[in-house]
Amino acid sequence: MARITAGVGCSHVPAIGVAMDTNITEQDYWKPVFNGFEFSRQWMKDNKPDVVFLVYNDHCTVFDASCIPTFALGCAAEFPPADEGWGPRPVPVVKNHQKMASHIAQSLVLDEFDITIMNEMEVDHGLTVPMSVMFGDHGVDDEWPCPVIPLAVNVVQYPAPLGRRCYNLGKAVRRAIESYGEDLNVVIFGTGGMSHQLQAERAGLINSDWDKRFLDLLTEDPVAASEITHLEYLRETGSEGIEMVMWHVMRGALNDDVREVHRHYHVPASNTAVGHIILENI
Ligand code: DHB
Ligand code: FE
C-alpha cells in the first residue's frame with residue numbers, strides 16, 4: 001500500500017527560480033533565503049520519496065479566463081516547464097507517475113471531488129520553484145529525483161475554493177493514495193503564499209506576524225487553520241495570500257498529530273514573505 005509520510009509547505013516566489021537559474025544564490029540578498037532550504041534538501045535525500053504529490057497553482061499560464069478548473073489533476077506522462085515570458089526555466093521536464101495519477105483521478109471522482117483531468121499540461125513557477133528549492137539545481141538535460149503528480153488549484157480567478165474544501169480534498173487524496181496497491185513512499189507538497197500583494201494600493205504588503213501564526217496553527221490545529229476565511233486572507237495577507245489555501249490540501253492529507261521537523265521564514269524575497277515547513281506524520 002502507498003502511504004503519505006510527510007508534508008512540505010513551500011513558497012513559490014518566481015524570483016527564487018531566477019536566482020537559481022542565474023547563479024546568484026550566494027549574493028547577500030539571496031543567501032538567507034537559500035540557507036533555510038539546506039536542511040530541506042538533505043531531508044529530501046534522506047527521506048527519498050518515491051512520488052511527490054504537488055499541490056500548486058497555475059498563474060494564467062495554462063488556464064486563462066476561457067477555462068477555470070477549481071482542481072485539475074495532472075494525468076499526462078510528463079509536464080514541460082512553461083514559457084512565462086522569458087523562455088521556459090532551464091529545469092527538467094516533470095515526469096508523472098501516471099498509473100498512480102489515474103488511480104487518484106478515479107478515487108477522487110468516486111469520492112465526490114470532481115477534479116478536471118489534465119492529459120496535456122505545462123507547469124509554471126508555481127510548480128517548478130518548489131521543486132528547485134527542495135531538490136536543488138537540476139538542469140534541462142537532467143531528471144528530477146522522483147516522479148511528480150501535480151494538482152493545480154484555482155487561486156487566481158474568483159472564486160477560489162475555501163480552505164475547508166482544500167483540507168477535505170487532502171483527506172480524499174490520502175484515501176486515494178492509501179488505496180493504491182504498490183508500496184510507495186509519497187510526500188505531499190502544499191505550495192504558494194505567504195502574505196503578498198502584487199497590485200494596486202497595497203502592493204508590497206507583507207504581514208509576518210500573521211504568517212507565523214498561520215504556520216503555528218497549521219501544525220497544531222489544522223481544522224482551525226482550514227476555517228480561516230477568504231476575507232481574512234485578503235485583509236491580513238493581501239490579494240495573493242489566498243494562495244495559502246493550497247497548504248490545507250497538504251495538511252488534510254497528514255495525520256492530526258505531526259512533528260514539525262523544519263521551519264524557515266524569511267522576508268523579503270521579491271514582494272513576498274518566504275515560508276517553508278516540513279511536517280512528518282507521527
Ligand atoms: C511574486 C509572487 C508570486 O506568488 C507570484 O506568483 C508572482 C510574483 C513576487 O513576489 O514577485
Ligand atoms: Fe503566485
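**Figure 1. Tyr29 in its partly exposed setting, beside Trp30.** In this predicted model, Tyr29 has a relative accessible area of 38% and is therefore partly exposed, since that class lies between under 20% for buried and over 50% for exposed. Its neighbour Trp30 is buried, with a relative accessibility of 7%.

**Figure 2. Aromatic pairs, with Tyr29 and Trp30 as an example.** Rings pair if their centres lie within 6.5 Å, and by this rule there are seven aromatic pairs. The ring centres of Tyr29 and Trp30 are 4.9 Å apart and their planes meet at 80°; because planes over 60 degrees apart count as edge-to-face, this pair is edge-to-face.

**Figure 3. An edge-to-face pair formed by Phe214 and Tyr233.** The centres of these two rings are separated by 6.5 Å, and the angle between the planes is 70°. Phe214 belongs to helix H7, which covers residues 208–220, whereas Tyr233 belongs to helix H9, which covers residues 230–237. The two residues are 19 apart, and their pair links distant parts of the chain. Are Phe214 and Tyr233 buried or exposed? Phe214 has a relative accessibility of 1% and so counts as buried. Tyr233, at 0%, likewise counts as buried.

**Figure 4. The aromatic cluster that includes Phe214 and Tyr233.** Four residues, Trp210, Phe214, Tyr233 and Trp247, form one aromatic cluster. Two of its members, Phe214 and Tyr233, are the edge-to-face pair of the preceding view.

**Figure 5. The chain that surrounds these views.** The chain contains 10 helices and 10 strands. Its radius of gyration is 17 Å, close to the 19 Å given by the globule rule for 282 residues, so the chain is as compact as a globular protein of that length. Along the principal axes, the C-alpha atoms fill a box of roughly 45 × 45 × 40 Å. Buried residues account for 55% of the 282 residues. When contacts between residues at least 6 apart in sequence are considered, 81% join residues at least 24 apart.

**Figure 6. The exposed area and the charged side chains.** About 11800 Å² of the chain is exposed, and 50% of this area comes from carbon and sulfur atoms. How many positive and negative side chains does the chain have? There are 20 positive and 39 negative side chains. The centres of these two sets lie 6 Å apart.

Conventions
Residues are numbered from 1 along each chain as its sequence is written. Chains are lettered from A and ligands numbered from 1 in the order in which they are written. Side-chain values use heavy atoms; hydrogens and water are left out. Rings of Phe, Tyr and Trp (its six-membered ring) pair if their centres lie within 6.5 Å; planes under 30 degrees apart count as stacked, over 60 as edge-to-face and the rest as tilted. Buried means under 20% relative accessible area, exposed over 50%, partly exposed in between (1.4 Å probe, protein chains only). Helices (H or I, at least four residues) and strands (E, at least two) are DSSP runs, numbered from the N terminus. The radius of gyration is taken over C-alpha atoms; the globule rule is 2.2 Å times the number of residues to the power 0.38. Contact means heavy atoms within 4.5 Å. Accessible areas come from the Shrake-Rupley method with a 1.4 Å probe; for residues, only the protein chains shown count as cover. Lys and Arg count as positive and Asp and Glu as negative; His and the chain ends are not counted. The place of a charge is taken as NZ of Lys, CZ of Arg, CG of Asp or CD of Glu.
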